[in-house]
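User: I am a first-year student, and I would like a close look at a single part of this protein. Could you take me slowly through the sheet of strands and then through what surrounds it?

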Amino acid sequence: MSQRKIILKSEEEAEIIRQNGVILGKTHAEVAKVLDEGMTTKQLDLVAEEFIKDNKGIPSFKGYGGFPASLCISVNDVVVHGIPSNRVLRNGDIVSIDCGVLKNGYHADSAYTYVIGETTDDVSDLLKSTKESLYQGIAKVKPGNRIGDLSYAVQSYNEDRGYGLVRELVGHGVGKSLHEAPEVPNFGRRGNGPRMQKGMVLAVEPMVTLGKRYIVQENDGWTIRTEDKKTAAHYEHTVFVTKTGYDILTTFEYLEEVLKERKMFYV
């Protein structure tokens, strides 16, 4: 992907992605309304798929590279790409949900990590660090800066707190294709990597572990777990590079309203 041309988007194209980001944000909220112990991850997937289709969108992930579902649902030590199944969620589970919406020719992509019931201080702190590092990285988005500036911000924020940064999986450009150039790693050196320019649309997505950064892939060809079985967290926004900085095109507003109403944990 790093060899591919970076495709810049117009303000009008960014607005289409923003509109899709609203549908995506509301999809997360619909899932958050029913997320609870006793639910299966497959049931959550069906809720998301129905809502996206009701809003005349297409689930970006379903069928992508052969992926069988609309959501990636990754529980506890699963970092990303968990396949929805008959697994029943239980109190204390940490559930990362990644989703994409395609409509009017463009994708929007975002992820959020949820908690079923109560959790430990260690896990709570991991989620706080991962989410905050997302915004630390986004704060480096502006024309003239390098992708490495963003990557370093994410890495240093988490490693200063003792967490592991997954290196094999990265953020990416977003547009007419779900994954476009450039790659957006969560580790790197300041001043390195492609120079940001107005019109880039980037999926920024820290994937952070409570233990070491090493991962393994399961035999299904998708599910990525931490090698040491420690908990992982994942947050993601789709971001537009503007003339002077950035504009976040996806939103956590709707899902966090639901979590607040339900008195569920969030950071």
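Analyst: What follows begins with one sheet, strand by strand, and then turns to the aromatic pairs, a second sheet and a pocket. Please keep in mind throughout that this is a predicted model, and that the values below are computed from it.

The sheet to look at is an open one of five strands, and reading across it the order is E8-E7-E9-E14-E15, with antiparallel pairing. Strand E8, residues 180-184, and E15 stand at the edges, and because each has a single partner strand, one side of each is left without a neighbour in the sheet. Neighbouring strands are turned against each other by 25° on average, if direction is ignored. As background, the strands of a sheet pair through backbone hydrogen bonds, and such pairing can be either parallel or antiparallel.

We can now cross the sheet from one edge to the other. E8 is mostly covered, since four of its five residues are buried. E8 pairs with E7 in the antiparallel sense over three bridges, and one place to find this pairing in the model is Gly 171, which stands opposite Val 184 in E8. The chain passes from E7 to E8 by a hairpin of six residues.

On the other side of E7, which covers residues 171-173, comes strand E9, residues 201-204, and these two pair in the antiparallel sense over two bridges. Here His 172 stands opposite Ala 203 in E9. Ala 203 also helps us to take the next step, as this residue stands opposite Thr 238 in E14, and the antiparallel pairing of E9 and E14 runs over four bridges.

E14 deserves a pause. Five of the five residues of E14 are buried, so this strand is largely enclosed by the rest of the structure. If you follow the side chains along E14, His 237, Val 239 and Val 241 point one way, whereas Thr 238 and Phe 240 point the other way, and all of them are buried. The last step across the sheet goes from E14 to E15, which run antiparallel and are joined by three bridges; in E15, the bridge partner of Val 241 is Tyr 246. A hairpin of four residues joins E14 to E15.

Beside these last strands there is an aromatic pair that is worth finding. The structure holds five aromatic pairs, and in one of them the rings of Tyr 235 and Phe 252 have their centres 6.5 Å apart and their planes at 65°, so the pair is edge-to-face. Tyr 235 lies in the loop between strand E13 (232-234) and strand E14 (237-241), while Phe 252 lies in the loop between strand E15 (246-248) and helix H5 (253-261), so that the pair links parts of the chain that are 17 residues apart. Tyr 235 is buried, with a relative accessible area of 1%, and Phe 252 also counts as buried, at 4% relative accessibility. Together with Tyr 112 and Tyr 114, Tyr 235 and Phe 252 form one aromatic cluster.

A second sheet can be read in the same manner. This open sheet of three strands has the order E3-E12-E11, with antiparallel pairing. Strand E3 (78-80) and strand E11 (215-217) stand at the edges, and as each has a single partner strand, one side of each is left without a neighbour in the sheet. From one strand to the next, the twist averages 40°. Two bridges join E3 to strand E12, residues 224-226, and the two strands run antiparallel; Val 80 has Ile 224 as its bridge partner in E12.

Another of the aromatic pairs involves the loop between E11 and E12, where Trp 222 is found. The rings of Phe 67 and Trp 222 have their centres 5.0 Å apart and their planes at 80°, so this pair is edge-to-face. Since Phe 67 lies in the loop between strand E1 (58-59) and strand E2 (71-75), the pair ties together parts that are 155 residues apart in sequence. Phe 67 counts as buried, at 3% relative accessibility.

Finally, His 172, which we met in the five-stranded sheet, is also found at the largest pocket, whose volume is about 350 Å³. This pocket is lined by 18 residues, of which His 81, Asp 98, His 172, His 179 and Glu 205 lie nearest its centre. By class, the lining has 11 nonpolar, four polar and three charged residues.

Note on methods: Residues numbered from 1 in each chain as written. Predicted model: local features only at pLDDT ≥ 70, side-chain atom pairs only at ≥ 80, totals over all residues. Heavy atoms only, no water. 1 Å grid on protein atoms, 1.4 Å probe; cavity = no way out; pocket = protein on both sides within 12 Å on 5 of 7 lines; lining within 4 Å. Points joined across faces, edges and corners; volume = space filled by probe spheres on them. Nonpolar A, V, L, I, M, F, W, Y, C, P; charged D, E, K, R; others polar. Pairing = 2+ DSSP bridges. Axes fitted to C-alpha atoms, helices over the stretch in contact; angles between N-to-C directions. Phe/Tyr/Trp six-rings, centres within 6.5 Å; stacked < 30°, edge-to-face > 60°. Buried < 20%, exposed > 50% of the residue type's maximum accessible area, 1.4 Å probe, protein only.
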